[in-house]
Amino acid sequence: MSNLVERVSTALIQEALRYVEKDPMENMPRLVALAERLVIDPQHRFYLRVFREYLQNPSNNWYRFTEKLFTELSPAAKKAFLVNYLLHSGILGIPKRERLQAELGRHIPWALLLDPTTACNLRCLGCWAAEYAKTDSLSLDLLDRIIREGKELGIFMFLYSGGEPLMRKEDLLTLARRHDDCAFLAFTNATLVDAPFAAELGRLGNLALAISVEGDEETTDARRGAGTYRKALAAMDLLRDEGVVFGFSTCTHRDNAERVASDAFVDSMVRKGCRFGWFFTYIPIGRCAAPELLTTPEQRERMFHRIRAMRREKPIFLMDFWNDGDYVGGCIAGGRKYLHINARGDVEPCAFIHYADANIRDCSLLEALDSPLMREYRKGQPFHPNLLRPCPLLDNPEKLREMIRHSGARSTQPLDEESAETLTAKVEGAAARWAPVADRLWEELRRGTDPGEDAGTG
């Protein structure tokens with residue numbers, strides 16, 4: 001039965017590709033009709049209904065987003081978006097993962113985050129990667145094995161971080177070619193992007209980039225080094241000209257929170273060709289941490305309002321990974337939606353939770369998903385009934401201490417082997433200060449009022 005569904009779905013996607021090549025916006029209602037024949041998940045059906053309404057208004061930001069997506073990307077990138085991301089990772093992958101979760105009694109994530117290397121050509125202020133040995137890496141064969149095991153579980157979305165993953169860009173291209181049914185995304189400082197690499201990304205279509213910027217030139221270079229911002233923008237120009245999917249990734253901290261939440265910053269990224277923007281809150285991990293960079297509750301609340309307001313206005317997909325818990329049901333780590341495998345092979349619940357009790361060199365992916373630490377995550381999620389307090393570290397530090405103690409997981413921080421007690425002590429104050437603000441916002445959401453309605457224009 002599943003093979004029949006896959007054949008029918010593939011045939012319908014091929015029809016959709018023909019629509020896209022002819023006149024994507026004219027044919028968009030037909031594309032939505034095709035999608036409605038494929039989509040099973042009730043939430044995805046709801047999104048389709050909303051999207052159909054957006055298509056009635058060419059001035060709507062999501063209409064403009066869709067128009068740019070299907071008219072500016074390379075043919076390979078458009079195909080990968082429809083086939084690899086929507087069909088394989090979404091439409092076909094979701095029911096398979098849900099079936100396996102029910103059968104096996106463990107989380108099967110939507111995406112895997114892999115660190116090909118700890119090597120990096122920059123040394124950013126407060127970055128934990130600076131503490132890692134520059135020789136740690138996952139071999140090409142091991143990366144290939146993890147991806148193959150993931151696909152057997154219905155996982156078709158693979159992310160890369162580091163270190164700087166483009167230190168291994170030839171291997172990343174090899175994996176994109178071998179697994180042309182998957183969608184890949186690398187978080188990168190983009191300083192290693194050159195014209196030949198951008199051209200190959202445009203030809204392949206299934207490897208996207210999330211480019212790290214901290215706002216404007218001043219704030220980016222202050223944390224990442226002089227000249228980094230201009231190199232990132234130059235890389236965006238190369239990628240845009242080749243029709244590559246790319247976006248920005250920013251670490252929100254006390255010194256840049258106002259700038260990255262401004263219209264000026266996001267509009268500049270849209271003009272450069274960014275299709276998405278990821279906002280991550282700074283977490284003070286490891287010996288090199290700078291706790292003074294933690295955002296204030298006032299800054300975090302403003303981010304909450306501004307991102308939601310900009311999602312209603314701008315032709316770009318924005319996600320705030322600490323303030324969007326109500327959309328994703330709380331914490332997504334520990335295999336619920338994703339997990340992290342570092343360059344030494346340690347299987348961590350999250351890129352920001354440096355503890356593990358399994359190593360992918362010694363076990364299969366399926367076995368790692370049922371380690372004691374992953375079971376603790378599964379048992380504890382969501383970690384708070386207020387989904388605007390989702391994180392077991394930043395928002396509920398006592399939860400992380402409990403899970404590490406009960407699972408016996410060890411620290412994966414190479415220099416200091418930072419204990420959960422030491423780590424959580426750095427964020428206890430921030431968690432306590434955020435709690436009353438988050439509770440007020442949560443109550444407003446529950447009453448059906450929109451906390452972002454009076455957010456202003458930034």
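User: Happy to look at this one together. Which strands does helix α13 lie across, and at about what angle does it run to β7?

Analyst: Keep in mind that this is a predicted model. Helix α13 covers residues 297-311. It lies across β5, β6 and β7, and its angle to β7 is about 160°.

User: What is the strand order of the open sheet?

Analyst: Let's go from the edges inwards. The edge strands are β7 (317-320) and β9 (347-348), each of which pairs on one side only. The sheet has 9 strands with mixed pairing, and their order is β7-β6-β5-β4-β3-β2-β1-β8-β9.

User: Which residue in β6 is the bridge partner of F248?

Analyst: Strand β5 spans residues 246-252 and β6 spans residues 276-281. These two strands run parallel and are joined by 5 bridges. For F248, the bridge partner in β6 is G277.

User: Do β8 and β9 run parallel or antiparallel, and which residue in β9 is the bridge partner of I341?

Analyst: A good place to look at both neighbours of one strand. On one side, β1 (residues 111-114) pairs with β8 in the parallel sense over 4 bridges, and L114 has I341 as its bridge partner there. On the other side, 2 bridges join β8 to β9, and these strands run antiparallel. The bridge partner of I341 in β9 is V347.

User: Which residues of strand β8 are buried on each side?

Analyst: In a regular strand the side chains alternate between the two faces of the sheet. Strand β8 takes in residues 338-341, and both of its faces are covered. The buried residues are Y338 and H340 on one side, and on the other L339 and I341.

User: Which residue in the hairpin of β8 and β9 takes a positive phi?

Analyst: The hairpin has 5 residues between its strands. A positive phi near 95° is found there, and the residue that takes it is G345.

User: How are the rings of F280 and F321 arranged, and what is the angle between the planes?

Analyst: A pair of aromatic rings is described by the distance of the centres and the angle of the planes. The whole structure holds 16 aromatic pairs. F280 and F321 form one that is stacked, with 4.7 Å centre to centre and an angle between the planes of 15°.

User: Where in the chain do F280 and F321 sit, and how many residues apart are they?

Analyst: F280 belongs to strand β6, while F321 is in the loop between β7 and α14 (325-328). The pair therefore links distant parts of the chain, with a separation of 41 residues.

User: Why does F280 count as buried while F321 is partly exposed?

Analyst: The cut-off for buried is under 20% relative accessible area, and partly exposed runs from there up to 50%. F280 is buried because its relative accessible area is 16%. F321 is partly exposed because its value is 34%.

User: Which residues do ring pairs link into a cluster?

Analyst: F280 and F321, the stacked pair, both belong to this cluster. Ring pairs link them with F187, F276, W278, F317, W322 and F352.

User: Which residue caps the N-terminal end of α8?

Analyst: Helix α8 runs over residues 195-204, and F197 is one of its buried residues. The backbone nitrogen of F197 lies 2.9 Å from a side-chain oxygen of the capping residue. That residue is D194.

User: Which charged end sits over the ring of F197?

Analyst: F197 is buried in α8, and what covers the buried residues of this helix includes α5, α7 (169-178), β4 (207-212) and α10 (228-241). The charged end in question is 5.2 Å from the centre of the ring of F197. It belongs to K169.

User: Is R300 buried or exposed, and which residues does it touch?

Analyst: R300 is found in helix α13. It counts as buried because its relative accessibility is 6%. Leaving out residues up to four places away in sequence, R300 touches T295, W322, N323, L388, P390, L394, D395 and W434.

User: Which residues is E376 in contact with, beyond its neighbours within four places in sequence?

Analyst: E376 is found in helix α16 (residues 372-380). With a relative accessible area of 14%, E376 is buried. Its contacts beyond those neighbours are M403, H406 and S407.

Key:
Residues numbered from 1 in each chain as written. Predicted model: local features only at pLDDT ≥ 70, side-chain atom pairs only at ≥ 80, totals over all residues. Heavy atoms only, no water. Pairing = 2+ DSSP bridges. Contact = heavy atoms within 4.5 Å. Axes fitted to C-alpha atoms, helices over the stretch in contact; angles between N-to-C directions. Buried < 20%, exposed > 50% of the residue type's maximum accessible area, 1.4 Å probe, protein only. Polar contact = N/O pair within 3.5 Å; in protein donor to acceptor, adjacent residues only side chain to side chain. Phe/Tyr/Trp six-rings, centres within 6.5 Å; stacked < 30°, edge-to-face > 60°. Lys NZ or Arg CZ within 6 Å of the ring centre and 35° of its normal.
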